[in-house]
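Visitor: I would like a close look at a single part of this protein. Please take me through how one group of helices packs together.

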Amino acid sequence: MKEYIRRLKNGCTKGQLVLWWVYRLLMIYALIVTVLKNPSDIVLTAQLTSGFIGMFLWEMCMATRENSFTRFIPSFLQTGFIICIFVAAFLGEFIGLYNSIPWFGYATQFIFGAVSIYFGYEIACAFIKRDRYYATKAMAFYVAFGLFFMWINLAELSEFFLDQIVGLITDIPGNNQEWINSGAELLIPAIDNGRFAIMDTMTDIVVSTVGAFTGLLIINIFPYRHRGKYKYDFEFEKADSNKEKELKK
């Protein structure tokens, strides 16, 4: 336990910790208000609860075993992750900006798609550091983009299962996929009202993918882990590779 606490203290600054807890306390507030005022809103309660748990992702990573790649993930990655959760769960769902501001959902989908590439790039570099294995910039980008598609699918699957499960156990089904056509507007026309649910899902995927390509372009122009002020020292991978070649001769 002492070693774990030491890792947490050395891995993040006091400013980061304070900022994290500001967002976490706001999520606790939103969860309490939802449970007291809308106890039947299982979907929002589930979203806020899972979001709050997700705000401790870096602390969970630091609790993993020593040779896990998660131990190499920088703490500031959690700052971005927490802000994304706060925007989606607190502002979008709890405050209701998804319903009151039509473009808010599409803007967040686009930004989250771009940010997910940044997260994926960091995770790819964490693997490189852990395994001490040389990887080109392009290889890191492939990993980042692959992780994005995994995350966006998990997000859309969560919407589907929330609607499905809540619809089976309560009289008030969820509407995350906008399958109840209540005047909602879609960026891509549904053509037919029966296509609302699938068009909501596909629109999210399309907008997120455009954001991901934008993020990939930015990372390609500024690959900060491969060059510049924040460059990781990957030279040891090349050195290890050369040693292995010499031993094989």
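Guide: Here is a walk along one run of packed helices, with a few single residues picked out on the way.

Keep in mind that the model is predicted. Start with the whole chain. The protein chain has ten helices and zero strands. Read along the sequence, its pattern is α-α-α-α-α-α-α-α-α-α. The chain holds 249 residues, and 39% of them count as buried. It exposes about 14700 Å², with 67% of that area supplied by carbon and sulfur atoms. Now look at contacts between residues at least 6 apart in sequence. Of these, 68% join residues at least 24 apart.

Now to the part itself. We follow helices α2, α3, α5 and α7.

Find helix α2, residues 14–37, and helix α3, residues 42–54. Their axes are 10 Å apart, and the two helices pack at an angle of about 160°. An angle over 145 degrees counts as roughly antiparallel. Therefore α2 is roughly antiparallel to α3. The crossing of these two helices is left-handed.

Which residues make the contact between α2 and α3? From α2 come Arg24, Met27, Ile28, Ala30, Leu31, Thr34 and Val35. From α3 come Leu44, Thr45, Leu48, Thr49, Gly51 and Phe52. Sorted by class, this contact has eight nonpolar, four polar and one charged residues.

Pick out one residue here. Threonine 34 sits in helix α2. Is threonine 34 buried or exposed? Its relative accessible area is 1%, and buried means under 20%, so threonine 34 is buried. Set aside residues up to four places away in sequence. Threonine 34 then touches Pro39, Asp41, Leu44, Thr45, Leu48 and Phe94. Leu44, Thr45 and Leu48 are also among the α3 residues in the contact with α2.

Leucine 26 also lies in helix α2. Its relative accessible area is 31%, so leucine 26 is partly exposed. Leave aside its neighbours within four places in sequence. Leucine 26 is then in contact with Phe86 and Phe90. How far apart are leucine 26 and phenylalanine 90 in sequence and in space? They are 64 residues apart in sequence. From C-alpha to C-alpha, they are 8.0 Å apart in space.

Next, move from α3 to helix α5, residues 76–94. The angle between α3 and α5 is about 165°, and their axes are 10 Å apart. That angle makes α3 roughly antiparallel to α5. Here too, the crossing is left-handed.

On the α3 side, the contact is made by Leu44, Gln47, Leu48, Gly51 and Gly54. On the α5 side, the residues are Phe81, Ile85, Ala89, Glu93 and Phe94. By class, there are six nonpolar, three polar and one charged residues in this contact. Look again at Leu44, Leu48 and Gly51. They belong to the contact of α3 with α5, and they also belong to the contact of α2 with α3. Phe94 of α5 is another residue to notice. Phe94 takes part in the contact with α3, and Phe94 is touched by threonine 34.

Carry on from α5 to helix α7, residues 102–131. The axes of α5 and α7 come within 11 Å and cross at roughly 160°. That makes α5 roughly antiparallel to α7. The crossing of α5 and α7 is left-handed.

Which residues of α5 meet α7? They are Phe76, Leu77, Gly80, Phe81, Cys84, Val87, Ala88, Leu91 and Gly92. Their partners in α7 are Phe104, Thr108, Phe112, Val115, Tyr118, Phe119 and Glu122. By class, the contact has twelve nonpolar, three polar and one charged residues. Phe81 of α5 appears here, and Phe81 also appears in the contact with α3.

Finally, step outside this run to helix α8, residues 137–169, where asparagine 153 is found. Asparagine 153 is partly exposed, at 42% relative accessible area. Between asparagine 153 and isoleucine 205 there are 8.3 Å in space, C-alpha to C-alpha, although they are 52 residues apart in sequence. Tyrosine 142 lies in helix α8 as well. Its relative accessibility is 64%, so tyrosine 142 counts as exposed. Tyrosine 142 and leucine 216 are 74 residues apart in sequence and 9.7 Å apart in space, C-alpha to C-alpha.

Notes
Residues numbered from 1 in each chain as written. Predicted model: local features only at pLDDT ≥ 70, side-chain atom pairs only at ≥ 80, totals over all residues. Heavy atoms only, no water. Axes fitted to C-alpha atoms, helices over the stretch in contact; angles between N-to-C directions. Helix = DSSP H or I, 4+ residues; strand = E, 2+ residues; numbered from the N terminus. Parallel < 35°, antiparallel > 145°, perpendicular 65-115°, else oblique. Left-handed = near helix turned anticlockwise from the far one by under 90°. Contact = heavy atoms within 4.5 Å. Nonpolar A, V, L, I, M, F, W, Y, C, P; charged D, E, K, R; others polar. Buried < 20%, exposed > 50% of the residue type's maximum accessible area, 1.4 Å probe, protein only. Areas by Shrake-Rupley, 256 points an atom, 1.4 Å probe, with all protein chains shown as cover.
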